Amino acid sequence: MMISLDSNKSFQDNYKILIGAVLPRPIAVISTLNLDGSNNLAPFSFFTAVSAMPMILAFCPLIRTSTSSKKDTVINIEREKEFVINIGSFEHAALINTCSEELPYGTDEFKHSGLTALDSDIIKSKRVKEFKIHFECKLRDILSYGETIGSGRLITGEVVKVHISEDIYEKGKINTQKLAAIGRGAGNDWFKTSEIFELERKMKAQIQK
Ligand SMILES: Cc1cc2nc3c(=O)[nH]c(=O)nc-3n(C[C@H](O)[C@H](O)[C@H](O)COP(=O)(O)O)c2cc1C
């Protein structure tokens with residue numbers, strides 16, 4: 001027997017279902033510039049790839065539960081029209097968690113977390129030196145689904161430059177084991193990607209790993 005729920009009851013109920021059903025979720029750590037030129041960092045697991053050519057990624061910040069306001073990442077992207085998506089590894093999990101702390105606007109989150117800011121090639125937002133993949137992105141779209149707690153936005157960015165650590169890059173491909181990507185689950189759950197299983201591809205024309 002299936003339990004059937006209406007989705008118009010409460011943000012909390014819907015949210016619990018989403019984070020328990022859509023998983024494991026990859027994590028984008030988004031770097032943006034604050035108004036005073038300091039750097040904001042924040043992780044987002046409502047995150048996915050959208051398009052390969054043009055190269056487009058998307059993530060979804062919700063209206064902040066504690067204040068009913070837009071998150072600092074959104075405020076910065078609306079103004080600067082650019083951001084960096086940094087991909088961390090298992091060794092960075094605790095630091096990524098630190099970047100999710102709610103701090104007063106204008107706090108430099110590289111300094112707060114102890115991560116190192118690296119200049120980007122094309123945009124002004126900084127990259128996270130310790131992380132192995134960086135996507136420099138220019139804003140493409142912001143679709144808004146409301147201004148109340150739990151309402152999301154879909155933010156897409158066109159990648160104008162990709163940086164990949166030579167430690168994980170092999171002949172145009174990224175070595176999954178060496179990246180040691182992590183994912184987010186429900187509540188305090190996170191995922192490692194160390195346990196991988198393979199299935200033979202059915203689409204022979206598909207690009208191989
Ligand atoms: C692993 C992880 C994933 C997260 N994913 C999201 C997300 O997809 N959407 C969201 O609105 N908040 C997400 N959060 C919470 C934000 O990171 C948090 O609200 C942060 O303070 C936002 O920072 P900002 O105000 O500097 O933008 C996540 C937190 C963690 C630790």
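## Around Asn 39, and outward

Leave out residues up to four places away in sequence, and Asn 39 still touches Thr 32, Leu 33, Asn 34, Thr 107, Asp 108, Glu 109, Phe 110, Ala 117 and Lys 126. Keep in mind that this is a predicted model. Asn 39 belongs to strand β3, which covers residues 39–44. Its relative accessible area is 7%, so Asn 39 counts as buried, the cut-off being under 20%.

One of those partners, Asn 34, is worth a look of its own. Asn 34 lies in the loop between β2 and β3. Is Asn 34 buried or exposed? Its relative accessibility is 1%, so Asn 34 is buried even though a loop holds it. With neighbours within four places in sequence set aside, Asn 34 contacts Asn 39, Asn 40, Asn 76, Arg 79, Tyr 105, Gly 106 and Thr 107. Thr 73 is 39 residues from Asn 34 in sequence, and their C-alpha atoms are 8.6 Å apart.

Asp 36 also sits in the loop between β2 (28–33) and β3. Unlike buried Asn 34, Asp 36 is exposed, because its relative accessible area of 57% is over 50%. Asp 36 and Arg 184 are 148 residues apart along the chain, with 31 Å between their C-alpha atoms.

Here are the residues with a relative accessibility quoted in this report:

| Residue | Location | Relative accessible area | Class |
|---|---|---|---|
| Asn 34 | loop between β2 and β3 | 1% | buried |
| Asp 36 | loop between β2 and β3 | 57% | exposed |
| Asn 39 | strand β3 | 7% | buried |
| Val 162 | strand β10 | 33% | partly exposed |

**Helix α2**

Thr 73 brings us to helix α2, residues 72–80. Which residues of α2 are buried? They are Asp 72, Thr 73, Val 74, Asn 76 and Ile 77. An α-helix has 3.6 residues a turn, so residues three or four places apart point the same way. The buried residues of α2 pack against β2, β3, β5, β6 (82–87), β9 and β10. Right after the helix comes Lys 81, with a positive phi near 60°.

**From β4 to β10**

Several of the strands that α2 packs against also pair with one another. Start with β4 (residues 47–51) and β5 (residues 56–59), which run antiparallel and are joined by four bridges. A hairpin of four residues connects β4 to β5. Thr 48 faces Ala 58 of β5 across this pairing. Strand β5 also runs antiparallel to β10, again with four bridges. There the bridge partner of Ala 58 is Thr 156 in β10, so a bench reader can trace Ala 58 from Thr 48 on the β4 side to Thr 156 on the β10 side. Strand β10 (residues 153–164) has another antiparallel partner in β9 (residues 133–144), with 11 bridges between them. In this pairing, Glu 136 stands across from Lys 161 of β10.

Val 162 is in β10 as well. At 33% relative accessibility, Val 162 is partly exposed. Val 162 belongs to a nonpolar surface patch along with Met 55, Ile 164, Tyr 169 and Ile 174. Together these residues offer about 370 Å² of accessible area.

**The three-stranded sheet**

Arg 184, the far end of that 31 Å separation from Asp 36, leads to another sheet. Which strands form it, and in what order? The order is β1-β13-β14, in an open sheet with antiparallel pairing. β1 (25–26) and β14 (190–192) are the edge strands: each has a single partner strand, so one side of each lacks a neighbour in the sheet. Between β13 (residues 182–184) and β14 there are three bridges, in the antiparallel sense. In this pairing, Arg 184 has Trp 190 of β14 as its bridge partner. Strands of a sheet pair through backbone hydrogen bonds, either parallel or antiparallel.

**The whole chain**

Stepping back, the protein chain has five helices and 14 strands. The C-alpha trace spans about 55 × 45 × 30 Å along its principal axes. For 209 residues, a compact globule would have a radius of gyration near 17 Å, and the 18 Å of this chain agrees with that. Of the 209 residues, 36% count as buried.

Among contacts in the chain with a separation of 6 or more, 60% come from residues 24 or more positions apart. As for the surface, the chain exposes about 12,500 Å², and carbon and sulfur atoms supply 56% of it.

How values were computed. Residues are numbered from 1 along each chain as its sequence is written. This is a predicted model: local features need pLDDT of at least 70, side-chain atom pairs count only at pLDDT 80 or more; totals for chains, interfaces and linings use all residues. Side-chain values use heavy atoms; hydrogens and water are left out. Two strands pair if DSSP finds at least two bridges between them. Helices (H or I, at least four residues) and strands (E, at least two) are DSSP runs, numbered from the N terminus. Patches are made of residues with over 30% relative accessible area and no salt bridge: like charges are joined within 9 Å, nonpolar side chains (Val, Leu, Ile, Met, Phe, Trp, Tyr) within 5 Å. Accessible areas come from the Shrake-Rupley method with a 1.4 Å probe; for residues, only the protein chains shown count as cover. A salt bridge is a side-chain nitrogen of Lys or Arg within 4 Å of a carboxyl oxygen of Asp or Glu. Buried means under 20% relative accessible area, exposed over 50%, partly exposed in between (1.4 Å probe, protein chains only). The radius of gyration is taken over C-alpha atoms; the globule rule is 2.2 Å times the number of residues to the power 0.38. Contact means heavy atoms within 4.5 Å.
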